[in-house]
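Visitor: Got a minute to walk me through this one? I'd like to start with what the words mean.
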Amino acid sequence: MVMRGFLLKVSFIAGLGGVLYGYDMGIIAAALIFVRSSFTLSTQMEEAVVSVVLVGAMLGAVLGGSLADRFGRRAILVSGGFIFIVGSLLAPWSPDVWVLIVARMFLGLAIGFTSVTAPVYVSELAPPQSRGMLIGLYQFALTLGLALADLVGYWLASDHSWRLMFGLGAIPAALFLLMVLTVPESPRWLVAQGRMREAEGVLRTYTDEAGTQLLLSDIRTSLTIAVERRWSALWSPAVRGSLLIAVGFTVLQQVTGINTVFYYGPQIFLLAGISSDKSAIFSTLILAVLNVLATIIALPLVDRVGRKPLLYWGVGGMTLSLFLLSYAFHNQAALGSSLGMVATACLIVYITCFAFSMGPIAWILVAEVFPLRLRGRGAAAATLGSGAANSLVAFTFLSLIKAAGNSMTFAIYGGFCVLTLLFVRFVIPETKGRELESISAPHTAAVP
């Protein structure tokens, strides 16, 4: 009971990091409509305001991964909480778009720190039979943050209060920082640093003496090789398969176009014929709520059904819905006023299928597949790949719509879904119920 309560507390704190991630990423969907008019932004500057947070996240991932291996998981979570507060307070006071861009860069840096560290921190504390669900809570919290952002955006849309939309992010940021200060360091990281007594003390806070000694023995076995501080070690034969799984899958997670809905959802609905800004924001809110509900479905299933079956169903549904959406835009004249309903239905299926498959499972795999000695840097590499792909999609979406048209844009994202299905079939391993050390062993890291 003590162990369960402790793990739930740690997962809740990590989840707050996910809420901040989702909120600060998602709030731009509603705020951008009003920022655009306040600062008279061009299409390229709109894309810059959206994507700069992703550039910051990539920088945060690189720094956070190496710093988490050197200074500990908890220290990086504390740093991330502080930076979240700075960015959340700076954004609403922006006198021009350049200060807003700097504020969103800070938010991105904090996102990189926490998105690298929080899932790893939870994975190093969780037992194998519930690890998938506990790590998946981070993704669930991220979806809550997205829904909260859309709710705040809808609530404040009538007053065009984009500054308050950004500023409200300081509240969960402060709560996150205060709660992180109440939890201990990861015992696995402490053992890796030779701080055995501290590691034993942490373990005894949530398990008995026998459990403490058993866990210490497992951790020692996994640390027969010292913690590796060279980034080049990720490309060693023993880890290369894990790197392919983690980076490849997080990149594919982004290039299927999922965040176009969360960053540009109102614009997509306006393209489909939704009549007003507030109605478009409300439609995006509905998708965000469905994203939360579908993620709830995934949490118990990921450890019961397994990672790969959920991915086959989820990515398959995403593929079908994107090609149907492309077909609907191609026949926009024939559909007329019903295009909005068709587009909404396609996006509902698309978001739902993503939320119970690629959404949580990508980050579960990132936290599972790397050996302990490289887990922080491995998670950083995956976050960097995700951020780069996410930035590319965010920075090109509006331009791609103008250059290729609505139909072709969504067909391109559908094509990436097909590629993802092949990646799941031939590269992704099934990690359900396995010990972290067995997953990251060289001979099992990339078993299909």
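Guide: Sure: buried means under 20% relative accessible area, exposed over 50%, and partly exposed in between (1.4 Å probe, protein chains only). This is a predicted model, where local features need pLDDT of at least 70 and side-chain atom pairs count only at pLDDT 80 or more, while totals for chains, interfaces and linings use all residues. Residues are numbered from 1 along each chain as its sequence is written, and side-chain values use heavy atoms, with hydrogens and water left out.

Visitor: OK, Ser-326: buried or exposed?
Guide: Ser-326 is buried, at 8% relative accessible area. You'll find Ser-326 in helix H14, residues 307-330; helices here are DSSP runs (H or I, at least four residues; strands are E, at least two), numbered from the N terminus.

Visitor: And what is Ser-326 in contact with, leaving aside neighbours within four places in sequence?
Guide: Ser-407, Met-408, Phe-410 and Ala-411, where contact means heavy atoms within 4.5 Å.

Visitor: Switching topic, where is Phe-426?
Guide: Phe-426 is in helix H19, and Phe-426 is exposed, with a relative accessible area of 53%.

Visitor: Now the loops. Where does Thr-40 sit, and what's its phi?
Guide: Thr-40 is in the loop between helix H1 (2-39) and helix H2 (43-71). Its phi is near 50°, a positive value in a residue other than glycine.

Visitor: Why point that out?
Guide: Because most residues other than glycine have a negative phi. Thr-40 is also exposed, at 69% relative accessible area.

Visitor: What about His-160's phi?
Guide: Near 55°, again positive in a non-glycine residue. His-160 belongs to the loop between helix H5 (128-156) and helix H6 (162-167).
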